[in-house]
Amino acid sequence: MPDYVTRSEAETHRLGQRLGGCLCAGDTVLLCGELGAGKSVLARGIARGLGVQGVMPSPTFTLMTIHNGTQCPVYHMDLYRLQSAADLYESGLEEYIGGDGVALIEWPERAFEALPQRHLLVELLYEDDGSSRRICLKPMGGFLDGREDL
């Protein structure tokens, strides 16, 4: 898959919207990148592409926010405060992954071993002294099997 370069929050959001339009219930998207790299911006764009309306605060302090989209529910998780996969299981968040909605997971490295092997890994990297982002999409575990639209 090609990498994408965005030069503003608006471009990152638009890329997320296009990506969201290609996702369906049961999909898991892992969003990796440094603080401020644009994970939440991309997640909000993906949710918009799935038909979510209204304000979408970051789930940093609540671990997860649930949004009703026109396509399916969107489960936006932020695992930054977790220490391990055990914390994920204790929180009960794993019940929302791979089910009736799309799971968008920021900071997945905090509990990577508890996450599904079939996922879309999205890496957001700073470029040009921080003025742009390189966004790399990496389908894992057969994520693209049977898809023509991603």
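**A first look at the sheet and its pocket**

This predicted model has 7 strands in an open sheet, running in the order S1-S7-S6-S2-S5-S4-S3 with mixed pairing.

Q: Which strands are the edge strands of the sheet?
A: Go to the two ends of the order S1-S7-S6-S2-S5-S4-S3. An edge strand there pairs on one side only. That gives strand S1 (3-6) and strand S3 (64-68).

Q: How many degrees does the twist average from one strand to the next?
A: Picture stepping across the open sheet, one strand at a time. From each strand to the next, the twist averages 20°.

Q: Is strand S5 largely enclosed or exposed?
A: S5 covers residues 102-106, and you can check both of its faces. Val102, Leu104 and Glu106 point one way, Ala103 and Ile105 point the other way, and all are buried. Since 5 of the 5 residues are buried, S5 is largely enclosed by the rest of the structure.

Q: In what sense does S5 pair with S2 and S4, parallel or antiparallel?
A: On one pairing, strand S2 (residues 28-33) shares 4 bridges with S5, and Leu30 stands opposite Ile105. Strand S4 (residues 73-78) shares 5 bridges with S5, and there Tyr75 stands opposite Ala103. In both pairings the sense is parallel.

Q: What is the handedness of the crossover from S4 to S5?
A: S4 and S5 pair in the parallel sense. To get from S4 to S5, the chain goes through helix H3 (residues 85-91), making a β-α-β crossover. Its handedness is right-handed.

Q: Which residue stands opposite Glu123 in S7?
A: Look at the pairing of strand S6 (residues 119-127) with S7, which is antiparallel over 9 bridges. Opposite Glu123 you'll find Cys136.

Q: Which residues of the lining are the closest to the centre of the largest pocket?
A: The largest pocket has a volume of about 300 Å³. It is lined by 22 residues. The closest to the centre are Gly36, Ala37, Gly38, Lys39 and Ser40.

Q: Which helix supplies the largest share of the lining of the largest pocket?
A: Helix H1 (9-20), helix H2 (39-49) and strand S7 (132-140) each supply at least two residues. The largest share is 3 residues, and these come from H2.

Q: How many residues of that lining are polar?
A: Sort the lining into its kinds: 5 residues are nonpolar and 6 are charged. Glycine counts as polar here. The polar residues number 11.

Notes: Residues numbered from 1 in each chain as written. Predicted model: local features only at pLDDT ≥ 70, side-chain atom pairs only at ≥ 80, totals over all residues. Heavy atoms only, no water. Buried < 20%, exposed > 50% of the residue type's maximum accessible area, 1.4 Å probe, protein only. Pairing = 2+ DSSP bridges. Right-handed = clockwise from strand over helix to strand, strands pointing away. 1 Å grid on protein atoms, 1.4 Å probe; cavity = no way out; pocket = protein on both sides within 12 Å on 5 of 7 lines; lining within 4 Å. Points joined across faces, edges and corners; volume = space filled by probe spheres on them. Axes fitted to C-alpha atoms, helices over the stretch in contact; angles between N-to-C directions.
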